[in-house]
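Here are a few exercises to work through with the model open beside you. Try each task on your own before reading the solution.

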Amino acid sequence: MNKLDSALLNILIKDARASYADIARQLGISRAHARTRVQGLVTSGVIEQFSAVVNPEKLGKVISLFIDLKVAPTQLETVSQELADCQEVVSLYIMSDLQSLHIHTLTDSFESFDAFARRRIFNRPEVLSVDCKMLMSRVKHRRGGPRL
């Protein structure tokens, strides 16, 4: 990665639909060179995909909750995969202690979150503890940033 690649990525982070001509104009390079650099970043895995950023509120998903679960270590993979397959779960991370899951859910109401929690989390003997917090406001998000 060089300065040109970084500048190119910043353009694509702001607008993944930017044309090669637009990128070339902004960077002062030829359209062919812009295309070659983008293709190189895709081939090397720096750019994984070009995608739309969807506003969940426009889809009625207004309840954003973060759940921290402690799970019996022997069941961590099973529980994490079962929860990852749920439509309410938008992101799920296995944490470094190898017994904790950090989960972000989006639902349309508290009632639908409650139904999800009762169906998928509560009354599971492998779930040792649950801590749940609702998002109040978003200060910064990683749209197009590094996958952490």
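**Exercise 1.** Which residue is the bridge partner of Ile 94 in strand 3? Keep in mind that this is a predicted model.

*Solution.* Start with the two strands involved: strand 2 covers residues 89–94, and it pairs with strand 3 in the antiparallel sense over 5 bridges. Now look across from Ile 94, and you land on Leu 101 in strand 3. Then follow the chain between the two strands: they form a hairpin with 5 residues between them. While you're in the turn, check the backbone of Leu 98, which has a positive phi of about 60°.

**Exercise 2.** Work out which strand joins strand 3 through 8 bridges, and find the partners of Ile 63 and Lys 70.

*Solution.* The strand you want is strand 1, residues 63–71, and it runs antiparallel to strand 3. Take Ile 63: its bridge partner in strand 3 is Thr 107. Next take Lys 70, which sits opposite Ser 100 of strand 3. So strand 3 pairs with strand 2 as well as with strand 1, and 7 of its 8 residues (100–107) are buried, so the rest of the structure largely encloses it. The cut-off for buried here is under 20% relative accessible area.

**Exercise 3.** Which strand does strand 1 join through 7 bridges, and which residue stands opposite Val 71?

*Solution.* Go to strand 4, residues 127–134: 7 bridges join it to strand 1, and the two run antiparallel. Val 71 faces Val 127 there. As you step along any of these pairings, remember that in a regular strand the side chains alternate between the two faces of the sheet.

**Exercise 4.** Zoom out: what pattern does the chain follow along the sequence, and why is it called more spread out than a compact globule?

*Solution.* First tally the elements: you should get 5 helices and 4 strands. In sequence order they read α-α-α-β-α-β-β-α-β. The radius of gyration is 20 Å, well over the 15 Å that the globule rule gives for 148 residues, so the chain is more spread out than a compact globule. Along the principal axes, the C-alpha trace spans about 60 × 35 × 25 Å.

**Exercise 5.** How much of the chain is buried, and what share of its accessible surface belongs to carbon and sulfur atoms?

*Solution.* Of the 148 residues, 28% count as buried. The accessible surface comes to about 10200 Å², and carbon and sulfur atoms hold 53% of that.

Technical notes
Residues numbered from 1 in each chain as written. Predicted model: local features only at pLDDT ≥ 70, side-chain atom pairs only at ≥ 80, totals over all residues. Heavy atoms only, no water. Rg over C-alpha atoms; globule rule 2.2 N^0.38 Å. Buried < 20%, exposed > 50% of the residue type's maximum accessible area, 1.4 Å probe, protein only. Areas by Shrake-Rupley, 256 points an atom, 1.4 Å probe, with all protein chains shown as cover. Pairing = 2+ DSSP bridges.
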